[in-house]
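I opened this model to look through its strands, helices, cores and cysteines. My notes follow in the order I took them.

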Amino acid sequence: MGTGSALPVHRVSNAELAETVDTTDEWIVERTGIRFRHIAGPDETTATLAADACKAALTAAGLSAQDIDLIVLATATPDQTFPASATKVQALLGIDDCVAFDVAAVCSGFLYAVQVVDAMLRGGSYKRALVIGAETFSRILDWEDRTTCVLFGDGAGAIVLEAQESDGGADSRGILATKLHADGRHNGLLYVDGGPSTTGTVGKVRMKGREVFRHAVVNLATVMTESLAIAGLDAADVDWVVPHQANARILDATARKLGLPPEKVIVTVDRHANTSAASVPLALDVAVRDGRIKPGQLLVLEAMGGGFTWGAAIVRF
């Protein structure tokens, strides 16, 4: 029914980053396609960014916060260990009572949240939901590790989903199909080296980039094909791919595997970097607001993140 996004005020270029980190603009662009990222300030948190994205999505949908009875927030960087940051978003929106909880699946979190909310709306107990991806990854970066700190940024994206009667056909608006995966055997390739139950600390992001790249290209192409098959569609039916914005080379390689032209892929990694669970809804909102994505078009949303977790959703906008 509506999309929205929010970014921290402070934008950092590669050149600015190179003043404090052993790197260069050329090195970052060549390997990742990233040119800028937004970094949250002291008064900006995952919950505040999420609430701002929700307000924009509600405005786009022509709804008020009181129309919402379900909030699901995907994040790996909550404001607190508990309670769920979704409850803070609820309070910031002025909602006295609705179901609100977080989903933790890192960069795939938004896709996991979409499937959870889709099932809950179809169950009939809820009418309208805010589905959010929001992160302040800058809080868990090792700023002396140039292989990771240059990759990530902060931000939030949100959508409003509403339950409506439908014949369920491929031309119907809404979520047509979803497919999720997880494989915990690869924990050591992309993880945070801390947690309440282990070190008692938040920890920092650690990643083996080459191995993650290899898994990402294969897994994302496969899950997109799987989700299209569930919907009874194929790649030729797709108007836009809205992917997780991790690395420009992953986006290119995945599109080639599917036989899709690069001009059908929404790319925002150059201006936002990797915003983890926020990247898919953030990219979606950018492309809706600039007019590329139009009502009735078929979208494939996809992401892969630490865990590994990965997934895709087929959406008729």
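**Entry 1: strand 12 and its partners**

I began with strand 12 (298–305) in this predicted model. It runs antiparallel to strand 13, and eight bridges join the two. I picked out one pair: Met 304 has Trp 310 of strand 13 as its bridge partner. Three residues lie between the strands of this hairpin, and Gly 307 takes a positive phi there, near 140°.

Then I looked for another neighbour. Strand 11 (residues 240–243) pairs with strand 12 in the parallel sense, over four bridges. Pro 243 stands opposite Glu 302 in strand 12.

How many residues of strand 12 are buried? I found eight of its eight. In a regular strand, side chains alternate between the two faces of the sheet. I therefore checked each side of strand 12, and both faces are covered. Leu 298, Val 300, Glu 302 and Met 304 are buried on one side. Leu 299, Leu 301, Ala 303 and Gly 305 are buried on the other. I noted that Glu 302 is on this buried list, and that Glu 302 is also the residue facing Pro 243.

**Entry 2: the nonpolar cores**

Next I turned to the cores. The largest nonpolar core has 43 residues. Val 205, Val 241, Val 300, Met 304, Phe 308 and Ile 314 have the most contacts inside it. Four elements each supply at least two residues of this core: helix 7 (209–230), helix 8 (248–258), strand 12 and strand 13 (309–316). Which element gives the largest share? Helix 7 does, with six residues.

I listed the contacts of Ile 314, leaving out residues up to four places away in sequence. From strand 12 it touches Leu 298, Leu 299 and Val 300. From helix 7 it touches Ser 227 and Leu 228. The rest of the list is Gly 174, Ile 175, Leu 176, Ala 177, Ala 231 and Leu 233.

I also logged a second, separate core of 31 residues. Ala 74, Leu 111, Ala 277 and Ala 287 are among its members.

**Entry 3: helix 7**

I checked the length of helix 7. It has 22 residues and reaches 31 Å from first C-alpha to last, close to the expected 32 Å. Its buried residues are Val 212, His 215, Ala 216, Val 217, Asn 219, Leu 220, Ala 221, Val 223, Met 224, Ser 227 and Leu 228. I noted that His 215, Asn 219 and Ser 227 are on that list. After the helix comes Gly 232, with a positive phi near 75°.

**Entry 4: cysteines**

I looked for disulfides and counted zero. Cys 107 is in none, and the nearest cysteine sulfur, that of Cys 149, is 16 Å away. Why no bond between the two? The 16 Å between the sulfurs is too far, because a disulfide needs them within 2.5 Å. Buried or exposed? I asked this of Cys 107 and Cys 149. Cys 107 is buried at 4% relative accessible area. Cys 149 is buried too, at 0%.

**Entry 5: Thr 59**

My last stop was Thr 59, in helix 3 (residues 46–61). With a relative accessible area of 63%, Thr 59 counts as exposed, because the cut-off is over 50%. The Thr 59 side chain reaches the backbone oxygen of Lys 55 at 3.0 Å. I also took a distance to Trp 240: 24 Å, C-alpha to C-alpha, with 181 residues of sequence separation.

How values were computed. Residues are numbered from 1 along each chain as its sequence is written. This is a predicted model: local features need pLDDT of at least 70, side-chain atom pairs count only at pLDDT 80 or more; totals for chains, interfaces and linings use all residues. Side-chain values use heavy atoms; hydrogens and water are left out. Buried means under 20% relative accessible area, exposed over 50%, partly exposed in between (1.4 Å probe, protein chains only). A nonpolar core is a set of buried Ala, Val, Leu, Ile, Met, Phe, Trp, Tyr and Cys residues joined through side-chain atoms within 4.5 Å. Contact means heavy atoms within 4.5 Å. A polar contact is a pair of N or O atoms within 3.5 Å; within protein, one must be able to donate a hydrogen and the other to accept it, and residues adjacent in sequence count only if both atoms are side-chain atoms. The expected span of a helix is 1.5 Å times one less than its number of residues. Two strands pair if DSSP finds at least two bridges between them.
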